[in-house]
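Colleague: I'm new to reading protein models, and I'd love a guided tour. Could you pull it up and let me fire questions at you?

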Amino acid sequence: MTIPYNPVSPKADEFINHQEILDTLAFADERSHDLDYCRSLLEKARTLKGLTHREASVLLACEDPSILEGIYGLAREIKDKIYGQRIVLFAPLYLSNYCVNGCVYCPYHMKNKHIARKKLTQDEIRREVIALQDMGHKRLALEAGEDPVNNPIEYILECIHTIYSIKHKNGAIRRVNVNIAATTVENYRKLKEAGIGTYILFQETYHKENYEKLHPTGPKHDYAYHTEAMDRAMEGGIDDVGVGVLFGLNMYRYDFAGLLMHKEHLEAMFGVGPHTISVPRIRPADDISVQSFPNAISDAMFKKIVAILRITVPYTGIIISTRESAATRKAVLEVGVSQISGASRTSVGGYAEEEEEDSAQFEVNDNRTLDQVINWLLTDGYIPSFCTACYRAGRTGDRFMSLAKTGEISNCCQPNALLTLREYLDDYASPETRQKGMEAIRRELDNIPNPKVRTTCETYLQKIDGGERDFRF
């Protein structure tokens, strides 16, 4: 019996439907040679209403150079219209690498006896957070392995409370996003009450058979429970969720379609899709070799995926981490990425003290300091932003999307980016970075569309210069 495709079903195998993905790939192969049709998809995307998973898959399959240039040009246009030159910065903080799962692509897997197992105490978390604050970070993404004994929800909640409580000099973590294993509605409700920002969970792959092979043991083996996690998070009151796949584990076209079907499911069920989409690629690490995964994608295809995501989900943040090199990050920033990590450590600890050997979840390819990353962004004409205002002002979920789609969010995002950049420049920047940043602020003030907002922003900038902090629109 064929399982029906139903985007409003609560069942994973119906809203991420295997036969629908196969039909989508066949449709894409057939229509990708119809250049008039492909051009019509670009014109549709230009209206900022996005594309369906089938339409986006056609563009992904199309190899015509003129269509590819059209995709890149439109992606730049859409990103500039919605985000301007703003790039949001964050850092991951790994709390514990104890894990009971057997994921074959992750060095945290239970059978790995080489990796140094560690769980941060609350005192160690304080030291890590102060080190991050001393860099200038305001936004963290918490990471932890799945282990109900070592990493229960109570531990995660205690860590969040500790992080928010730490005020050091002018430093403060204003937003904590959380990337932990799929859990219950009750636990998602507790995370919401603890004041988290976005709940992040990567699917890794949407191909059920391959998913189960990649997760042979442990709770994560349960494909349906994992895939339906975002529904439970939404039911628990978390209306900002972040999705993603690990490109290189499975055929990228299959996972690309599945990712967009997941987005469409959330919109159909809850009225709002994912707040962010992450695009990690498989990376080497202790006990893990990328040669074990023959489906790795090229840099060129990676850039194409990011660009098509940007025109397909125009109002969704796209995240890239320090898994990627500086050159790759530069290429995808141009065509869609709106959030990046900076000065990341991918082991438990590593900010206050040096990382232990063979302790990282994956290799970092961009090893620049946060100041060097910000200097690079400013040199390339971007506005580094540490803004956390929308979450703190209650502009989340459908409230954020409604403001974004009307363009009204620009009266918040642009000034907030400039205010948080100015805080960074005054408190943490090197002299060269500060000079570039001050020039950028003077230039970008004129791009605030509302004169009243612009005047207020100028007043706040003067107050920051006088030592006050944490102004927001």
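Colleague: Let's start with lysine 118: what is its relative accessible area?

Modeller: Lysine 118 falls in the partly exposed class. The classes are buried (under 20% relative accessible area), exposed (over 50%) and partly exposed in between, using a 1.4 Å probe and protein chains only. For lysine 118 the value is 24%.

Colleague: Before we go on, what kind of model is this, and what is left out of the side-chain values?

Modeller: It's a predicted model, in which local features need pLDDT of at least 70 and side-chain atom pairs count only at pLDDT 80 or more, while totals for chains, interfaces and linings use all residues. Residues are numbered from 1 along each chain as its sequence is written, and side-chain values use heavy atoms, leaving out hydrogens and water.

Colleague: Okay, back to lysine 118: how far apart in space are lysine 118 and tyrosine 94?

Modeller: Lysine 118 sits in the loop between β1 (86-96) and α6 (122-135). Those labels are DSSP runs numbered from the N terminus: helices are H or I with at least four residues, strands are E with at least two. In sequence, lysine 118 and tyrosine 94 are 24 residues apart. In space, C-alpha to C-alpha, the gap is 9.8 Å.

Colleague: Now for charges. How many salt bridges does a search of the whole structure find?

Modeller: Side chains of opposite charge can pair when their charged atoms come close. To count as a salt bridge, a side-chain nitrogen of Lys or Arg must be within 4 Å of a carboxyl oxygen of Asp or Glu. Searching the whole structure gives a total of 29.

Colleague: Take arginine 54 and glutamate 20, then. How many residues apart in sequence are the parts that the pair ties together?

Modeller: Their side chains meet in a salt bridge, at 3.0 Å from N to O. Arginine 54 belongs to helix α4 (residues 53-61) and glutamate 20 to helix α2 (residues 18-31), so the bridge ties together parts whose separation in sequence is 34 residues.

Colleague: Of those two, which is buried and which is partly exposed?

Modeller: Arginine 54 has 26% relative accessibility, which makes it partly exposed. At 11%, the buried one is glutamate 20.

Colleague: And lysine 44 with glutamate 55: which helices does that pair link?

Modeller: This is another salt bridge, with N and O 2.9 Å apart. The two residues are 11 apart in sequence, and they link distant parts of the chain: helix α3 (residues 35-45), home of lysine 44, and, for glutamate 55, helix α4.

Colleague: Then there's glutamate 267 and lysine 263. Why are they separated by about one helical turn?

Modeller: They form a salt bridge too, the closest N and O atoms being 3.3 Å apart. Glutamate 267 is partly exposed at 33%, whereas lysine 263 is buried at 10%. The separation is about one helical turn because, within helix α12 (residues 252-270), the two are apart by four residues.

Colleague: Which residues do salt bridges with shared partners join into one network?

Modeller: One of the members is an aspartate in the segment after α20. The full network is Arg174, Arg392, Glu423 and Asp470.

Colleague: What is phi of that aspartate 470 near?

Modeller: Aspartate 470 is partly exposed, at 30% relative accessibility. Its phi is positive in a residue other than glycine, with a value near 65°.

Colleague: And alanine 343, what is its phi near?

Modeller: Alanine 343 lies in the loop between β10 (339-341) and α15 (370-379). With 7% relative accessibility, alanine 343 is buried. Its phi is also a positive value in a residue other than glycine, near 55°.

Colleague: Last topic, helix packing. Is α18 roughly parallel or antiparallel to α20?

Modeller: Helix α18 (residues 410-427) and helix α20 (residues 451-465) have axes 10 Å apart, at an angle of about 15°. Axes are lines fitted to C-alpha atoms, for helices over the stretch in contact (heavy atoms within 4.5 Å), and angles run from 0 to 180 degrees between N-to-C directions. Under 35 degrees counts as roughly parallel, over 145 as roughly antiparallel, 65 to 115 as roughly perpendicular, and the rest as oblique. That makes α18 and α20 roughly parallel.

Colleague: What about α18 and α19: roughly parallel or antiparallel?

Modeller: α18 packs against helix α19 (residues 431-444) at about 155°, with the axes 10 Å apart. That angle makes the pair roughly antiparallel.
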